[in-house]
Amino acid sequence: MDKITILWADDEIDLLKPHILFLQEKGYHVLSTQSGDDALEILETNRVDIVFLDENMPGLSGLETLEVIKTNDPTLPVIMITKSEEEHIMEDAIGSKISDYLIKPVNPNQILLSIKKNLNTNRLVSEKSSSKYQQEFRQIGMMLNDRLDAEEWTELYKKLVYWELELDQSKETGMDEILQMQKSEANNQFGKYVEQNYFDWLAHPEDAPVMSQNVFKNYVIPEIKKGDASVFFILIDNLRMDQWKTLKPFISEHFWVDKEETYYSILPTTTQYARNAIFSGMMPSEIAKRFPDKWSNDDEDGGKNLEEQFFIEDQLKRNQLNIKFSYNKVLNLSYGNKVLSDVPGMFNNPLNVIVYNFVDMLSHARTDTQIIKEIAADESAYRSVVKSWFEHSPLISTLKEIAARGGKLVITTDHGSIRVKEPIKIVGDKEVNTNLRYKQGKTLSYNAKEVFEVKNPETAHLPKVNVSQAFVFAKGDSFFAYPNNYNHYVKYYKDTFQHGGISLEEMLLPIVVLSAKK
């Protein structure tokens, strides 16, 4: 490996020879000069890894030299060294994107630490992350052998998401592959857990984790009743836990996080079922029974989420809240900008509900569009695309406007998605729905060991269209495929992000309550 080359520019460079000898003994190659002009000439003809720059030099000053260096190469680390502790000099240097700031007199260990911090950070962080995950790997493995409850499954999933993001930053591909194997094993165990407990949760809700039908009642209504600020309930369709963690730093610049919790989506983990349950505060079978004209089954034409505003109003009234509220569903950029412009007027309402559909649309586009498949090729890239969208979307501007006016914010989603890999053969008639993660119909044929069966939809609080109707759900990273044209179908859908079934990614969802930083 080539030696690291340091350029040190200081008008008192002769007095720094002991420091330079120390660095040379440590294996570094040091170029030295007494002026900013000479430093710029050296940079034109030499490959330099890091620059130490005296702030107070005759001729071209340190700050002026710094400006030219950053114009020519914004990524080159520059360490500013000065005798002065005046605040405005520090602010000018930091504003010019220095990598570190040292006050004279400096000692050799300070110099060495600054070099390691700025040149070896990625390697050291990567090594540390890998080492720590290796220790955590054993602990997570032991947890998977225990009989976990709903809360413990949430904690385990949070650990997996944490390490996924940590290893993503460290670019440690070997450890990442091990983590993906551990996630797969966790999903296998989680599928069994849900299969064993789902019916009991619905039969005994007092012993169940918070689920879709209780989200509004548990998190939104209490904030409305406080009455100290206008409440904005923002639901980002199909937002997974890892994606929320990626967006959180941007939102935390403007809001305090009062609560950051997790709830369980109902089955199927789709917009039609889960989001209607959130806004109505009821399970799908109850919605269909009470409002038959407002519920559409899978085999019926038309949109499946056209009555959300009605459901919100009904749920508010059932909770003795006869209040004004606004409801907006953002499906494109122009409507997102309209919602942004309407935010000031929304503060006249105790409640404002905004649904954002971009992440769900991205998921479907990734399945159907080759270029999106390539841009969002894997989990990390998928997160990156969501992050990029959020940074430049009307949504982040809307959140800033809400924060500036002192609004209260509740953010959640209706379901997540999982990258599917393993096909499961299933046979059904032409009336069977098209979703790849769950099927419902009256003549389904499948291997019962590979799915979660709901032979009687009423036990899962799902609408029952006919006597022989059943639901089946894919678990882990599997997806349903028909025997006809099987190979083509599998090739087309493998490695796409789907939802509707049972997995940690689809069912364990973030719910966050935030207050504006005034």
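Right after helix α18 comes G406, and its phi is positive, near 80°. (Helices are DSSP runs of H or I with at least four residues, strands are E runs of at least two, and both are numbered from the N terminus.) Keep in mind that this is a predicted model, where local features need pLDDT of at least 70, side-chain atom pairs count only at pLDDT 80 or more, and totals for chains, interfaces and linings use all residues. Residues are numbered from 1 along each chain as its sequence is written, and side-chain values use heavy atoms, leaving out hydrogens and water.

Helix α18 itself covers residues 394-404, and its buried residues are P394, L395, I396, T398, L399, I402 and A403. Buried means under 20% relative accessible area, exposed means over 50%, and partly exposed is in between (1.4 Å probe, protein chains only). In an α-helix there are 3.6 residues a turn, so residues three or four places apart point the same way. At the N-terminal end of α18, S393 acts as a cap, with a side-chain oxygen 3.2 Å from the backbone nitrogen of L395.

Now for some backbone oddities. Most residues other than glycine have a negative phi, and most peptide bonds are trans. Here are some that go the other way:

| Where | Backbone angle |
|---|---|
| K104 to P105, cis | omega about 0° |
| L267 to P268, cis | omega near -5° |
| H461, not a glycine | phi about 55° |
| D495, not a glycine | phi about 70° |

P105 is in the loop between β5 and α5, while P268 is in the loop between β7 and α11. H461 is partly exposed at 27% relative accessibility.

Zooming out, the protein has 20 helices and 19 strands, and 53% of its 518 residues are buried.

How values were computed: A polar contact is a pair of N or O atoms within 3.5 Å; within protein, one must be able to donate a hydrogen and the other to accept it, and residues adjacent in sequence count only if both atoms are side-chain atoms.
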